[in-house]
Each structure stands twice: as structure tokens, then as C-alpha cells.
Amino acid sequence: MLAVWLQALQILIGIFHIFMWYFILVLYMGQIKGTFGIYEPITYRTGCTLWGIVFIISGVFLIRVAKHPSQRLVVLALITNIFCVITAFIAVVLTVIELSKFHSVSYKNYGQAKLGREVSRVLLFSYPLELALAFTYSIFGCIDLVSVYLSPARREMLMSRTHALGGREAR
């Protein structure tokens, strides 16, 4: 039951990121071009918070694996979780780059730029949570695949081959 709650948490993190993308979109679209220009951070230009779609898809696959386990679904969930780990890591790097630089903007856009940077700071706390969840599920997905591959029937078959060859390992 705890696994389903954690999978739902992964989906909620993805939905949170989508809502933050919409908020940032509305925030930065309302800027007025001033003397020092407008503030467009790298996370805004790359659509970094929109990558929450990957978290949602991964969470859906994990819930499907929990309800209807099969080797194919476990592999798909593992692939999407590995993609989540990569996505979350890239998002952390881009957000740190954004927060480490701040160029002057027009005084008319300063409030929007400041609020946008605060949103990035909030997102910076949620990315490691998503990274930890996806990495944990990736590890357990690998363990699940190995346990399916080395099921008792398969182990028995390998042992019988070993005994048939006179104690040597089957190749």
C-alpha cells in the first residue's frame, strides 16, 4: 500500500511541475520590454518545469506494474524511471545555473524576475525528491527483473544443467 502512495506522490510532483510551468509562463509572458530587456532564464527557455510530464508517465507505469505485474511493464517502468532520473538531474543542473546568474533587468520586470527565481528555488527542492523516488524505483525495478529472471523454476533448470554436466557450469 505504501508503494501506491509513493507512486501517487510521483504523479503529484509531476502535476505540481506542470502547474509551476503554467505559472512561470503567465509570469514571464507579462513582462514589459524595458531598457535592460526582459528576464528569460534557461529553465524557462528549455521548458524545464514542463518535463513534469515524464514524472506523471513514470508514476502511471509504476501504478500499472503494482496492479498488473508483468515483465514487459516492469521493463517499461524501469526505462521511464531511468529517464526520470536523467531528467531530474538535468533540471537540477539547469536550475542551479539559473540561480547562480542574475543579469540586470528593467525595473518594470524586476518583481517578475524575482518571483520567478523564487519559484525556481521551490522547484529546486522538489527535483531531489523526484530524483530519489525515481532512483529508488529504478533500483527495485532492476531487482524485480533479476528475481523474475532467476525464478525458482529457472534456478532449478540451471541447477539440473549443472548437474548434467558433471558439476561444471552451463555455458
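Reader: Leaving aside neighbours within four places in sequence, which residues is Phe-55 in contact with?

Author: This is a predicted model, and contact here means heavy atoms within 4.5 Å. Neighbours within four places in sequence are left aside. The partners of Phe-55 are then Gln-10, Ile-13, Gly-14, His-17, Cys-84, Thr-87, Ala-88 and Glu-130.

Reader: In the largest nonpolar core, which residues touch the most other members?

Author: This core has 16 residues. Elements giving two or more residues to this core are α3 (52–67), α4 (71–100) and α5 (110–149). The largest share, seven residues, comes from α4. The members that touch the most others are Phe-55, Val-65 and Cys-84.

Reader: How many residues are in the other core, the one with Ile-24 and Leu-94?

Author: A second core lies apart from the largest one. Among its members are Ile-24, Tyr-28, Leu-94 and Leu-123. In soluble globular proteins, nonpolar side chains tend to be buried together. The residue count of this other core is eleven.

Reader: Is Cys-84 buried or exposed?

Author: Buried means under 20% relative accessible area. Cys-84 has a relative accessible area of 0%, so the residue counts as buried.

Reader: How does Cys-142 count by accessibility, and how many disulfides does the whole structure hold?

Author: Cys-142 has 38% relative accessibility, so this cysteine counts as partly exposed. A disulfide needs a pair of cysteine sulfur atoms within 2.5 Å. The search covered the whole structure, and the number of disulfides found is zero.

Reader: Which residues does Thr-87 touch, not counting those up to four places away in sequence?

Author: Thr-87 sits in helix α4. At 7% relative accessibility, Thr-87 counts as buried. With residues up to four places away not counted, Thr-87 touches Trp-51, Val-54 and Phe-55.

Reader: What separates the C-alpha atoms of Thr-87 and Glu-130?

Author: Along the chain, Thr-87 and Glu-130 are 43 residues apart. Both residues are in the contact list of Phe-55. Their C-alpha atoms are separated by 9.7 Å.

Reader: How many helices and strands does the protein have?

Author: From the N terminus on, the elements run α-α-α-α-α-α. Of the contacts with a separation of 6 or more, 79% join residues 24 or more positions apart. The count is six helices and zero strands.

Reader: Which residue forms a salt bridge with Arg-121?

Author: Side chains of opposite charge can pair when their charged atoms come close. Here the closest N and O atoms are 2.8 Å apart, and the cut-off is 4 Å. Both residues lie in helix α5, three residues apart, about one turn of the helix. The partner of Arg-121 is Glu-118.

Reader: Where do Arg-121 and Glu-118 fall in relative accessibility?

Author: Partly exposed runs between the buried limit of 20% and the exposed limit of 50%. Arg-121 is at 32%. Glu-118 is at 35%. Both values therefore count as partly exposed.

Reader: Which helix gives the largest share of the nonpolar patch?

Author: The patch on the surface is formed by Leu-6, Leu-9, Leu-12, Ile-15, Phe-19 and Leu-129. Together they have about 510 Å² of accessible area. Leu-6 lies in helix α1 and is partly exposed at 31%. The largest share, five residues, comes from helix α1 (residues 2–29).

Reader: What percentage of the area exposed by the protein do carbon and sulfur atoms supply?

Author: Buried residues make up 35% of the 171 residues. The protein exposes about 10,700 Å². Carbon and sulfur atoms supply 72% of that area.

Conventions. Residues are numbered from 1 along each chain as its sequence is written. This is a predicted model: local features need pLDDT of at least 70, side-chain atom pairs count only at pLDDT 80 or more; totals for chains, interfaces and linings use all residues. Side-chain values use heavy atoms; hydrogens and water are left out. Patches are made of residues with over 30% relative accessible area and no salt bridge: like charges are joined within 9 Å, nonpolar side chains (Val, Leu, Ile, Met, Phe, Trp, Tyr) within 5 Å. Accessible areas come from the Shrake-Rupley method with a 1.4 Å probe; for residues, only the protein chains shown count as cover. A salt bridge is a side-chain nitrogen of Lys or Arg within 4 Å of a carboxyl oxygen of Asp or Glu. Helices (H or I, at least four residues) and strands (E, at least two) are DSSP runs, numbered from the N terminus. Buried means under 20% relative accessible area, exposed over 50%, partly exposed in between (1.4 Å probe, protein chains only). A nonpolar core is a set of buried Ala, Val, Leu, Ile, Met, Phe, Trp, Tyr and Cys residues joined through side-chain atoms within 4.5 Å.
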